[in-house]
Amino acid sequence: MTFTDQQKERVRVLFNVMDVDGGGFIDEDDAKLTARGLATMRGVPLDSPAFTQMEKSLVDAQAYLVNLIDQNGDGKISPDELVDFYEKLVQTPFSSYPEPFQRAVEGPFRMIDTDFSGEASEDEYAVYFRTLDPTASAETIRKNFQVISGGKDSFDINDWRRASQLWIETPGDTPFYDALIHLRVKPTQQA
């Protein structure tokens with residue numbers, strides 16, 4: 001499968017979302033700022049054990065991704081490195097992705113499924129989505145939810161994996177892409 005210019009642009013948009021501090025690279029500071037932003041938006045005190053665990057999880061995931069994606073050994077991910085990684089990834093079935101990468105894809109699902117039922121409802125998804133983008137319309141959220149859930153009342157981890165893989169593999173705009181264009185966790189404090 002050829003990785004199209006449109007897919008490369010989609011990964012560059014993802015890069016801009018992940019580069020929280022706007023430094024031109026994805027690094028540990030971005031993970032820490034993401035944790036602070038998410039905690040603040042969800043009302044999790046920054047001096048709480050819940051925040052400490054959230055930050056550790058994001059920093060660990062970030063370190064794994066840097067180890068996996070960083071080609072020049074500088075400890076950061078550049079836009080080109082992320083595009084190259086996804087270009088290789090699109091050639092591989094999700095079930096063949098390294099297990100830690102699969103877990104990284106699953107991380108957001110665990111943040112969405114706040115009641116730990118193994119199913120994410122549209123309400124849970126809306127809370128998560130609005131945490132990342134308070135200006136999102138109900139229509140945008142519903143459209144994204146329907147894509148992920150396949151029209152069901154909820155989605156599970158397998159639906160989330162399928163939607164994540166579809167987002168990577170599908171040329172052209174998708175509801176995920178529409179949402180990602182304006183998603184960005186706003187840093188609230190320096191890391």
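## Exercises on a predicted model

Glu-124 lies in helix 6, residues 122-132. The model is predicted.

**Exercise 1.** Decide why Glu-124 counts as buried or exposed, then list what Glu-124 touches.

*Solution.*
- Step 1. Take the cut-off: buried means under 20% relative accessible area.
- Step 2. Glu-124 has 10% relative accessibility, so Glu-124 counts as buried.
- Step 3. Leave out residues up to four places away in sequence; Glu-124 then touches Ile-112, Asp-113, Thr-114, Asp-115 and Glu-119.

**Exercise 2.** Check the length of helix 1 against the expected rise, then find its buried residues.

*Solution.*
- Step 1. Helix 1 covers residues 5-18. It has 14 residues.
- Step 2. At 1.5 Å a residue, helix 1 should span 20 Å.
- Step 3. The end C-alpha atoms of helix 1 are 20 Å apart, so the two values agree.
- Step 4. The buried residues of helix 1 are Gln-7, Arg-10, Val-11, Val-13, Leu-14, Phe-15 and Val-17.

**Exercise 3.** Work out where the buried residues of helix 7 sit around its axis.

*Solution.*
- Step 1. Helix 7 runs over residues 138-149 and has 12 residues. From first C-alpha to last it reaches 16 Å, close to the 16 Å expected.
- Step 2. Ile-141, Asn-144, Phe-145, Ile-148 and Ser-149 are buried in helix 7.
- Step 3. These residues cover an arc of only 125° around the axis, so they lie on the same side of helix 7.
- Step 4. The spacing fits a general rule: an α-helix has 3.6 residues a turn, so residues three or four places apart point the same way.
- Step 5. Look just past the end of helix 7: Gly-150 takes a positive phi of about 65°.

**Exercise 4.** Describe the largest nonpolar core and say which helix gives the most to it.

*Solution.*
- Step 1. The largest nonpolar core has 16 residues. Phe-3, Val-11, Ile-69, Ile-77, Leu-82 and Tyr-86 have the most contacts inside it.
- Step 2. Helix 1, helix 3 (49-69) and helix 4 (79-89) each supply at least two residues of this core.
- Step 3. Helix 4 gives the most, with 5 residues.
- Step 4. Follow Leu-82: beyond four places in sequence, its contacts are Val-11, Phe-15, Met-18, Ile-26, Ile-69 and Ile-77.
- Step 5. A second, separate core has 14 residues, among them Ile-112, Tyr-125, Ala-136 and Phe-145.

**Exercise 5.** Summarise the whole chain: how many helices and strands, and what share of residues is buried?

*Solution.*
- Step 1. Count the elements: 9 helices and 2 strands.
- Step 2. Order them from the N terminus: α-α-α-α-α-β-α-α-β-α-α.
- Step 3. Of the 191 residues, 44% are buried.
- Step 4. The chain exposes about 9700 Å², and carbon and sulfur atoms supply 53% of that area.

Terms used. Residues numbered from 1 in each chain as written. Predicted model: local features only at pLDDT ≥ 70, side-chain atom pairs only at ≥ 80, totals over all residues. Heavy atoms only, no water. Core = buried A, V, L, I, M, F, W, Y, C linked by side-chain atoms within 4.5 Å. Buried < 20%, exposed > 50% of the residue type's maximum accessible area, 1.4 Å probe, protein only. Helix = DSSP H or I, 4+ residues; strand = E, 2+ residues; numbered from the N terminus. Contact = heavy atoms within 4.5 Å. Areas by Shrake-Rupley, 256 points an atom, 1.4 Å probe, with all protein chains shown as cover. Expected span 1.5 Å × (residues − 1). Arc of directions from axis to C-beta.
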